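Here's a quick briefing to read alongside the model. Keep the sequence and the 3D view open as you go.

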Amino acid sequence: MPQSDPTHLPPARRRGRAALSNRPGRFEPHQREAVDDGWAEEEALPPLRTEVSQEAPRRILTRNSSPDIGFDRSINPYRGCEHGCIYCFARPTHAFLGLSPGLDFETRLTCKPTAPALLRKELANPRYRPLPIAFGTNTDVYQPIEAEHRITRGCFELLSETRHPLTITTKGTLIERDTDLLGEMGQAGLAHAAVSITTLDPALARSMEPRVPGPARRLRVIERLAAAGVPVGVSIAPLIPGLTDHEIEPILAAARDAGARHASMILLRLPLEVAGLFREWLETARPERAARVMARIRETRGGADYDSAYFSRQTGQGTYAEMLQQRFRLSVKRLRYNTSAPTLRTDLFRRPSPDGAQLSLF
């Protein structure tokens, strides 16, 4: 780690965080440069703490028109994510807030407490037509601050009330709190979930996903969701070439034993600032494998760290990427996974009143 780089924080300050640095976002007009002022000793500063501010958006439903994404609307109750996964493709969104996609993304979070009320207004619009709302598409809706703010819970209570379908992808064990809602909705064909597992190696998971429950704990989440009646799957996301690609079959087998019934896999994505942050982590956490991992990544991305082209951005390209996909398909078939998540119902939807009054019987 370059000692002269002022964006790099000492280990004591970033304890429990994955990013090593806090470089300004790509839109900031100024960068920082270290200058030796003659003082050899640096003042000891405490570890970074999580800070949460509030945001008041005008709308809460985010629309998506990407041709390779399987949903057209989503909700993100939080910006930034305390889970701190070093590979998170959502990190560059923090630059739009004037913050760093590095340590700021893990420590300076934003919540949207009015999300359930805004959602009620949007569902009450006579022009609204129901289709599944995706949760967990950007940052994890079950990151630790959800325990206090309960914004995800508020949205789910409304969707349960209105019989509106939803999907969720998470690494957080806090989803178990909501099995009362999700179990009932799952049995009615209104909800399904996916638990993301990147590795079964607890040491590797702790290093690259520092505030995420360990892989064994996530397998228990799959068990409990399945027992509650929630159709649940496993998401190998991301698969990291040269680092976790040997775990495709073991992850699928362990998740199937736990009760997962559908599966998906997404190749590592390194857009914008994520590429530099991931390389920094890799060279520090796995220096003996760093060169090989980056070579494998570039082999699946046409020689670059990342290629954002539709359809190939989630699967990669080239012989090595196709081999990974083939291994995934063969394992899914052997383990008798469903080829896709269940189709959710939209015919049960009951439009709410805008002000939260009791639903009409007629």
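**Strand pairing**

Tyr78 has Cys111 as its bridge partner in S5. Strands here are DSSP E runs of at least two residues, helices are H or I runs of at least four, and both are numbered from the N terminus. This is a predicted model, so local features need pLDDT of at least 70 and side-chain atom pairs count only at pLDDT 80 or more, while totals for chains, interfaces and linings use all residues. Residues are numbered from 1 along each chain as its sequence is written, and side-chain values use heavy atoms, with hydrogens and water left out.

- S4 and S5 run antiparallel and are joined by two bridges; two strands count as paired if DSSP finds at least two bridges between them.
- On the parallel side of things, strand S1 (residues 51-54) pairs with strand S5 (residues 108-111) over four bridges.
- Within that S1 pairing, Val52 has Leu109 of S5 as its bridge partner.

**The open sheet**

- Seven strands make up an open, mixed sheet, in the order S2-S3-S6-S7-S8-S9-S10.
- S2 and strand S10 (262-267) sit at the edges with a single partner strand each, so each has one side without a neighbour in the sheet.
- S3 pairs with strand S6 (residues 133-135) in the parallel sense, over two bridges.
- In S6, Phe135 is the bridge partner of Ile75.

**Cysteines**

- Looking for disulfides (pairs of cysteine sulfur atoms within 2.5 Å)? A search of the whole structure turns up zero.
- For Cys81, the closest cysteine sulfur is in Cys85, 6.3 Å away and therefore too far for a bond.
- Cys81 is buried at 7% relative accessible area; buried means under 20%, exposed means over 50% and partly exposed is in between, with a 1.4 Å probe and protein chains only.
- Cys111 has its closest cysteine sulfur in Cys155, 12 Å away, so that's too far for a bond.
- Cys111 is also buried, at 1% relative accessibility.

**Helices**

- Helix H4 (residues 151-162) has twelve residues and spans 17 Å from first C-alpha to last, close to the 16 Å expected at 1.5 Å a residue; the expected span is 1.5 Å times one less than the number of residues.
- Ten of the twelve residues in H4 are buried, including Cys155, Phe156 and Leu158.
- Right after H4 comes Arg163, with a positive phi near 60°.
- Helix H9 (residues 273-285) and helix H10 (residues 290-299) have axes that come within 9 Å and cross at roughly 145°; axes are lines fitted to C-alpha atoms over the stretch in contact, and angles run from 0 to 180 degrees between N-to-C directions.
- H9 brings Phe278, Arg279, Leu282 and Glu283 to that contact, and H10 brings Ala290, Val293, Met294, Ile297 and Arg298; contact means heavy atoms within 4.5 Å.

**Two buried loop residues**

- Ser66 is in the loop between strand S2 (62-63) and strand S3 (73-75), and is buried at 18% relative accessible area.
- Leaving out residues up to four places away in sequence, Ser66 touches Tyr310 and Arg313.
- Tyr87 is in the loop between strand S4 (78-79) and helix H1 (103-107), and is buried at 6% relative accessible area.
- With the same sequence neighbours left out (up to four places away), the residues Tyr87 touches include Lys171, Met208, Leu268 and Phe278.
- Tyr87 and His8 are 79 residues apart in sequence and 18 Å apart in space, C-alpha to C-alpha.

Definitions and conventions: Disulfide = S-S within 2.5 Å.
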